[in-house]
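Visitor: Please take a close look at one buried position in this model and set it against the chain as a whole.

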Amino acid sequence: MNETAVGQWRIVLDEAYRVLRTTAEGIPTDAWDLSTPCERWAVTQVLQHATGDQLAYVAAITGGSGPEEDPFAPSGRIEGDKLTGVYAALDASARAWAGVADDEPQVPTPLPHGALPAHLAAVAAALDAAVHAWDIAVATGQPSPLSDDLARPLLDVARQIVEPLRNYGAYAAALDPGAEADDVTALLSYLGRDPRWTGARH
């Protein structure tokens, strides 16, 4: 995000949380064990991971205890209502970010980067939520939750934070999006995801 857009990070974050919530609500009852673009993870595990990542941001910002389960080793088992956890995580995240100033220069994050300016930290959290919403959507036959308007600021921040994360295995190598790629395709390709992925291929 450029300097003139710094104050707009709340809109991006709210939209990313909305699409994760809506996509989670749209998971069919028989789709929780389907494969996803996240190699080796089923739909349940991606949702657990996305939930845990947002709780990790909450813990970094508030000093709380963070997720009970390692987001990078999701069990694939959710007891009771499968949506309770993601609802609680998104609500806690919204409260945590509400206490962050628009132009806060140093917001603690769970990323290896450490503290980042508010607009980078918040859009990094939004990136995680929105892209995992896409993973779940394409795995379960839902429409893509990503729009070009959402993908554009996510891609801008991704280009600033993702390269060190590839070394941790958080993202695969970038793919060539093609010369005529729209913003969604460019974002997914940069994150190592095939924009044309379908479960039939896996």
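Guide: Read along the sequence, the protein chain follows the pattern α-α-α-α-α-α, with six helices and zero strands; both are DSSP runs numbered from the N terminus, helices being H or I of at least four residues and strands E of at least two. The model is predicted, so local features need pLDDT of at least 70 and side-chain atom pairs count only at pLDDT 80 or more, while totals for chains, interfaces and linings use all residues. Residues are numbered from 1 along each chain as its sequence is written, and side-chain values use heavy atoms, with hydrogens and water left out.

The position to look at is Gln54, in helix H2, which covers residues 43–62. Gln54 has a relative accessible area of 0% and is therefore buried (buried is under 20%, exposed over 50%, partly exposed in between, with a 1.4 Å probe and protein chains only). The Gln54 side chain reaches the backbone oxygen of Ala125 at 3.0 Å. Ala125 also appears among the residues in contact with Gln54 once neighbours within four places in sequence are left aside; the others are Tyr17, Leu90, Ser93, Asp128 and Ala129 (contact means heavy atoms within 4.5 Å).

Arg40 lies in the loop between helix H1 (9–25) and H2. Arg40 has 72% relative accessibility and so counts as exposed. Its phi is near 75°, a positive value in a residue other than glycine. Most residues other than glycine have a negative phi.

A second buried side chain is Leu155 of helix H5 (residues 148–166), where the relative accessible area is 5%. Leu155 touches Ala186, Leu187 and Tyr190, not counting residues up to four places away in sequence. The C-alpha atoms of Leu155 and Leu191 are separated by 9.0 Å, the two residues being 36 apart along the chain.

For the chain as a whole, buried residues make up 48% of the 202 residues. Of the contacts with a separation of 6 or more, 71% are between residues 24 or more positions apart. The radius of gyration is 16 Å, which agrees with the value near 17 Å for a compact globule of 202 residues (taken over C-alpha atoms, the rule being 2.2 Å times the number of residues to the power 0.38). Along the principal axes, the C-alpha atoms fill a box of roughly 45 × 45 × 30 Å.

Note on methods: A polar contact is a pair of N or O atoms within 3.5 Å; within protein, one must be able to donate a hydrogen and the other to accept it, and residues adjacent in sequence count only if both atoms are side-chain atoms.
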